[in-house]
Amino acid sequence: METLLAAFDLVFRPEILLVILGATVFGIFAGAMPGISATVAVALLVPITFFMEPVAALAAIATAVAMAIFAGDLPGALLRIPGMPASAAYAEEAHEMTLKGQGGTVLFVALICSVLGGLVGTAALAFSAPLLADFALEFQYYEYFWLAVIGLSTAALVAASNPIKGMVSLSIGLLLATVGLDLISGQPRFTFGTLTLMEGIHFIPVMIGIFAVAEVFRALIHPPRPDARQARVQKIDFREAFRTIWRYKANLWRGSLFGTLIGALPGAGSDIAAWVSYGYARKRSKTPEKFGTGHPEGIVAASASNNAATSSTWVPSLVFGIPGDSVTAIVIGVLFLKGLEPGPNVFIENAPLVYSIFVSFFIANLFLIPVGYVAIRAASQLLKVSNQVLMPIILIFTMVGAYAINNSMLGVVVALFAGIGSFLMQENDYPVAPLILGMVIGTLLEKNFMQAMIAKQGDMTAFFGRPIAATLGVIAILIWVAPAISAIRARRKARRAAIDTTNSKTTGEAVE
């Protein structure tokens with residue numbers, strides 16, 4: 001309790017609260033701009049943190065990340081261009097609701113779920129950090145492999161309406177993830193002798209191209225009717241929003257739990273948490289056929305999950321110095337710059353500083369409610385801007401974001417080609433979500449599979465040799481087998497129905 005009170009004293013100072021307010025505005029702006037990911041936003045903050053004390057620097061980073069994750073939903077819902085990778089899981093779903101005139105309502109639902117998920121994740125970070133870190137520390141190559149397999153399996157859930165096209169899209173994403181130097185041998189793959197491809201194809205430019213650039217192409221080739229965009233602007237229906245949250249409250253808490261647990265695993269992060277939560281919500285839904293048509297059930301789960309993961313990714317970073325994601329990797333660098341070494345000793349030597357991070361996350365999530373509401377009302381005005389003005393602005397920002405990843409024109413080229421490919425795929429009803437998922441998880445899958453094979457000299461039974469790995473493996477196999485069993489049952493049911501119909505007709509004819 002004394003440590004917590006000391007942390008409150010560190011945070012509740014005018015200069016720290018001013019820093020948090022400034023980081024709030026910056027995070028909302030950065031998250032709403034497609035291509036400026038949470039990682040890029042934090043990277044832009046790092047030079048400024050040189051001139052801050054440790055508490056202010058860490059509070060600024062924590063606040064900016066929490067704001068950016070939600071703000072990524074704004075362009076996703078209104079323009080079908082997710083501002084954050086974590087928003088890509090449900091951007092199309094939210095956009096479909098916007099087309100139905102429910103844009104403001106779905107964004108407010110995402111806002112409240114993000115806040116609640118963020119508070120759950122922060123509570124887990126504050127009270128269960130050692131326990132969650134110990135659990136994550138038990139994960140080795142085998143557990144990470146199965147986690148990646150389960151994540152990829154959700155691609156089949158996302159593209160359930162056409163599994164074949166979904167697998168084609170997923171394969172393209174996995175192929176793109178293999179470009180560059182081999183993770184184990186260091187041999188170049190699919191580089192075609194080009195030095196710039198040695199470092200591989202970064203995920204962010206691909207995401208920019210698939211969503212933002214493709215949307216620009218679509219707006220130019222299939223321009224909406226002049227009144228179509230205006231029809232989407234609608235006030236927030238608060239009653240319907242809270243009714244939706246209450247209806248899917250189980251998804252809200254399940255998504256928060258998934259986000260907290262997945263975020264605590266090094267390397268997982270909010271992107272995978274959002275995908276897994278969305279896919280699981282679809283699997284458990286009583287109306288899975290509504291997913292992809294503008295249904296809020298998956299949005300409730302995924303938006304809570306990605307914000308919960310944003311907080312819990314700090315668990316392995318603070319306790320063991322293992323980055324939970326790319327953002328916390330930067331945080332570790334900032335800690336070292338401030339003369340602080342992350343690890344178990346930081347809880348003993350600088351406990352008030354660590355708890356000040358927890359307090360900053362709580363404040364940031366509470367600030368998100370009024371600031372997010374204002375952002376929703378302001379963002380809806382984008383739909384009143386004509387495509388001739390809006391699309392060039394979006395294209396400029398996305399190209400800047402693609403270039404800023406590695407300060408290389410390769411990012412711009414990748415974004416343009418990805419945009420063309422995405423437009424052609426969607427014109428032919430190929431889903432792009434599995435492609436994104438393949439790129440995000442493909443590297444994790446390959447790395448852990450190869451390391452496991454080297455460690456056990458090719459013994460495949462090692463993937464079931466540990467209790468956690470065996471459990472995850474069984475879950476993955478059940479995910480694969482369940483659709484086949486359902487299809488067989490449906491076919492048998494249809495066959496029995498056909499036989500019963502034939503028998504009834506035969507009996508009727510005999511009676512006559």
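User: Before turning to a loop residue, how are the helices and strands that bound a loop defined?

Analyst: Helices and strands are DSSP runs, numbered from the N terminus. In this predicted model, Phe-190 lies in the loop between strand S2 (188-189) and helix H10 (203-221).

User: What is the phi of Phe-190?

Analyst: Most residues other than glycine have a negative phi. Phe-190 is not a glycine, yet its phi is positive, near 55°. Its relative accessibility is 44%, so Phe-190 counts as partly exposed.

User: Where is Asp-429 found, and what is its phi?

Analyst: Asp-429 is found in the loop between helix H21 (409-427) and helix H22 (433-455). Its phi is positive, about 65°, although Asp-429 is not a glycine.

User: Why does Asp-429 count as exposed?

Analyst: Exposed means over 50% relative accessible area. Asp-429 counts as exposed because its relative accessibility is 58%.

User: How should the packing of helix H4 and helix H19 be described?

Analyst: One begins with the angle and the distance between the axes. H4 (residues 54-71) and H19 (residues 351-379) pack at an angle of about 40°, with their axes 8 Å apart. The two helices are therefore oblique to each other, and their crossing is right-handed.

User: Which residues meet where H4 and H19 pack?

Analyst: Residues of H4, including Leu-58, Ala-62, Met-67 and Phe-70, meet residues of H19, among them Ile-357, Phe-361, Leu-368 and Gly-372. By class, this contact has 15 nonpolar and 4 polar residues, and no charged ones.

Methods: Residues numbered from 1 in each chain as written. Predicted model: local features only at pLDDT ≥ 70, side-chain atom pairs only at ≥ 80, totals over all residues. Heavy atoms only, no water. Axes fitted to C-alpha atoms, helices over the stretch in contact; angles between N-to-C directions. Helix = DSSP H or I, 4+ residues; strand = E, 2+ residues; numbered from the N terminus. Parallel < 35°, antiparallel > 145°, perpendicular 65-115°, else oblique. Left-handed = near helix turned anticlockwise from the far one by under 90°. Contact = heavy atoms within 4.5 Å. Nonpolar A, V, L, I, M, F, W, Y, C, P; charged D, E, K, R; others polar. Buried < 20%, exposed > 50% of the residue type's maximum accessible area, 1.4 Å probe, protein only.
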